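I opened the notebook for a fresh look at this one. Here is what I looked up, entry by entry.

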Amino acid sequence: MYKGDLQIGEITIPCAVLEDGTRVISESGIHNHFGSTGGKIRQIRADIEQKIGAPIPLFLASKPLEPFIKEVFGDGHLESIEYVNNGIVNRGFNAVILPQVCEVWLRAKESGALQDSQLPKAKRAEILMRGLAHVGIVALVDEATGYQDARAKDALAKIFEAFVAKELQPWIKTFPIDYY
């Protein structure tokens, strides 16, 4: 198993690659980026799970997101994965869900379902999706040409970081300080 931290601006999402090659991002890392807060969060999750008939992660437990969860995820990828990191059992999700989580937020925003307090999270989702697209095309070209073996180890992370930093500049005074 390999482990590390995915840096997205000032946000850190712990991640790992399991022995079978599954790429995992931590539930707490995603929750810190997109999750709701408050004492009713677990009850909201239970209500949504009952309505859609499937488990959902804590970071998607928000009533305005409910109609978009099943639409985006269908029946897959919402199963949690437990893995051991430094002797501690962690809970995470297959990394492929991160763009899908962003898609849920973006669809909710486009439909006007979000509360004003949730709009900064939708903006984060938009920035993240755009950053992933930019890095994705670079990675695909590098892989097609064999350049991934020659480039610096952190080249893709630097491209991503530069994009996110540029995209966040207009929002510096818009987001609360804990976002940074």
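**Notebook: helix 5, a loop and the strands**

I started at Val141, which I found in helix 5. A note before going further: I am working from a predicted model.

How exposed is Val141? I looked up its relative accessible area and got 44%. I call a residue buried under 20% and exposed over 50%, so Val141 counts as partly exposed.

Next I asked which residues make a nonpolar surface patch with Val141. They are Ile137 and Leu140, and the patch made by these residues and Val141 covers about 290 Å². I recall that a residue needs over 30% relative accessible area to join a patch, and Val141 has 44%.

**The loop after helix 5**

I then moved along to Arg151. I found Arg151 in the loop that lies between helix 5 (119–145) and helix 6 (155–168). What does the side chain of Arg151 make a polar contact with? It is the side chain of Asp142, at 2.6 Å. I also listed the contacts of Arg151, setting aside neighbours within four places in sequence: Ala139, Asp142 and Leu156. Asp142 thus turns up in that list and as the polar partner of the Arg151 side chain.

**The strands**

I went back to the early residues for the pairing. Strand 1 (residues 2–8) is antiparallel to strand 2 (residues 11–17), and I noted seven bridges for the pair. Looking for a partner of Gln7, I found Thr12 of strand 2 standing opposite.

How many bridges join strand 2 to strand 3? I noted three, with strand 3 (residues 23–26) running antiparallel to strand 2. For Ala16, the bridge partner in strand 3 is Val24. I also looked at the turn: strand 2 and strand 3 form a hairpin, with five residues between them. Gly21 sits in that turn, and I wrote down a positive phi of about 90 degrees for Gly21.

**The whole chain**

Last, I stepped back to the full fold. I have six helices and five strands for the protein chain. In sequence order I read the pattern as β-β-β-α-α-α-β-β-α-α-α.

I checked burial as well: the protein chain has 180 residues, and 41% of them count as buried. The exposed area of the chain comes to about 10,400 Å², with 54% supplied by carbon and sulfur atoms. On contacts, I took those with a separation of 6 or more; residues 24 or more positions apart account for 51% of them.

Technical notes:
Residues numbered from 1 in each chain as written. Predicted model: local features only at pLDDT ≥ 70, side-chain atom pairs only at ≥ 80, totals over all residues. Heavy atoms only, no water. Helix = DSSP H or I, 4+ residues; strand = E, 2+ residues; numbered from the N terminus. Polar contact = N/O pair within 3.5 Å; in protein donor to acceptor, adjacent residues only side chain to side chain. Contact = heavy atoms within 4.5 Å. Pairing = 2+ DSSP bridges. Buried < 20%, exposed > 50% of the residue type's maximum accessible area, 1.4 Å probe, protein only. Areas by Shrake-Rupley, 256 points an atom, 1.4 Å probe, with all protein chains shown as cover. Patch = residues over 30% accessible without salt bridge, like charges linked within 9 Å, V, L, I, M, F, W, Y side chains within 5 Å. Salt bridge = Lys/Arg side-chain N within 4 Å of Asp/Glu carboxyl O.
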